[in-house]
Amino acid sequence: MHLCLFEDEAVRHLEPLVLTRAAGDLRLGVRTLFEAQRAAFPHDGLVLHTRRLIADVTAQEHPEATVNALPDDHAGMLLVNARYRPEPGALLDRLKAAAQPRETARAFVQGDTLVAAWLPYPDATLLDTDAIGLAAVEGIPTEDVSDASMITHLWDLLDDVGGRIAADVEALGHRGHDGATIHDGALLVNPEQIYLAPGATVKPGAIVTAEHGPVYIDAGATIFEGAVAKGPVFFGEQAQLKMLS
């Protein structure tokens, strides 16, 4: 089964952030939408559909994927809207159950939005457009998924960021401080809830506290002298936190 993460017309509401990147590359907590979707749906191959204007950038960012082209093996394909935020529960289980070789084609819609679709035999012209919508699944039986969590507006990216960080940390299962540098004089509060990736650094006098939620410090990130990092919080690769910054 191939997983195709696609863009639709509504990505325009996420401008200007999507002017230089695919909607799926927007980060909600620790993970991007693409990262969460790939983890949620087991697949044999990854296809990314995006606007032609940013297709080259998307291909460069994701060398593991095929961009705007169907594989040649004619395997079944699960389409998933790049704006869909997968959450554990009945809906996610239903989408995964639908994407089986013996299952017939089915689309999952929320109003006029195509959330997902299982296509045992995807049309060769499916990706020949900048936006995939309901027209792509015309004639296919549909199910309403009004409870699907969709990122529709810029402010949706800021909704419950702390909760999303905590959920991502739990899902990723990363623990410990192996390979990180923690200088003498640095203070880690509730350290079992603090993840330091290899290459991360906590300088003398810095305070990292996970009393109110997990702290995730990615590779190459630095918490400088006198700075205070309070969870739930995520610091990406090469990030820097300085006192009063």
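W155 counts as exposed, because its relative accessibility is 60%, and the cut-off for that label is over 50%. Keep in mind that this is a predicted model. You'll find W155 in the loop between strand 7 (142–144) and helix 4 (161–172). W155 also has company: together with L17 and L154, W155 makes a nonpolar surface patch of about 300 Å².

Now let's step back and look at the whole protein. Its secondary structure adds up to 4 helices and 17 strands. The C-alpha trace spans about 65 × 35 × 35 Å along its principal axes. Of the 245 residues, 47% count as buried. The accessible surface comes to about 12200 Å², and 50% of that belongs to carbon and sulfur atoms. What about contacts along the chain? Among those between residues at least 6 apart in sequence, 48% join residues at least 24 apart.

Next up is a helix with a buried side. Which residues of helix 3 (residues 90–98) are buried? They are L91, L92, L95 and A98. These residues cover an arc of only 130 degrees around the axis, so they sit on the same side of helix 3. Here's the background: an α-helix has 3.6 residues a turn, so residues three or four places apart point the same way. And what do the buried residues of helix 3 pack against? Their partners are helix 1 (33–40), strand 4 (77–81), strand 5 (106–110) and strand 6 (113–119).

Finally, there's an open sheet of 4 strands, in the order 8-11-14-17, with parallel pairing. Strand 8 (181–182) and strand 17 (240–241) are at the edges with a single partner strand each, so one side of each has no neighbour in the sheet. As a reminder, strands of a sheet pair through backbone hydrogen bonds, either parallel or antiparallel. Strand 8 and strand 11 (residues 201–202) run parallel and are joined by 2 bridges. Across that pair, I182 stands opposite V202 in strand 11.

Strand 11 also holds T201. Is T201 buried or exposed? T201 counts as buried, because its relative accessibility is 14%, and buried means under 20%. Leaving out residues up to four places away in sequence, T201 touches T181, H183, A221, T222 and I223.

Here are the two residues with their accessibility values:

| Residue | Relative accessibility | Label |
|---|---|---|
| W155 | 60% | exposed |
| T201 | 14% | buried |

Note on methods:
Residues are numbered from 1 along each chain as its sequence is written. This is a predicted model: local features need pLDDT of at least 70, side-chain atom pairs count only at pLDDT 80 or more; totals for chains, interfaces and linings use all residues. Side-chain values use heavy atoms; hydrogens and water are left out. Patches are made of residues with over 30% relative accessible area and no salt bridge: like charges are joined within 9 Å, nonpolar side chains (Val, Leu, Ile, Met, Phe, Trp, Tyr) within 5 Å. Accessible areas come from the Shrake-Rupley method with a 1.4 Å probe; for residues, only the protein chains shown count as cover. A salt bridge is a side-chain nitrogen of Lys or Arg within 4 Å of a carboxyl oxygen of Asp or Glu. Buried means under 20% relative accessible area, exposed over 50%, partly exposed in between (1.4 Å probe, protein chains only). Two strands pair if DSSP finds at least two bridges between them. Contact means heavy atoms within 4.5 Å. The arc is that of the directions from the helix axis to the C-beta atoms.
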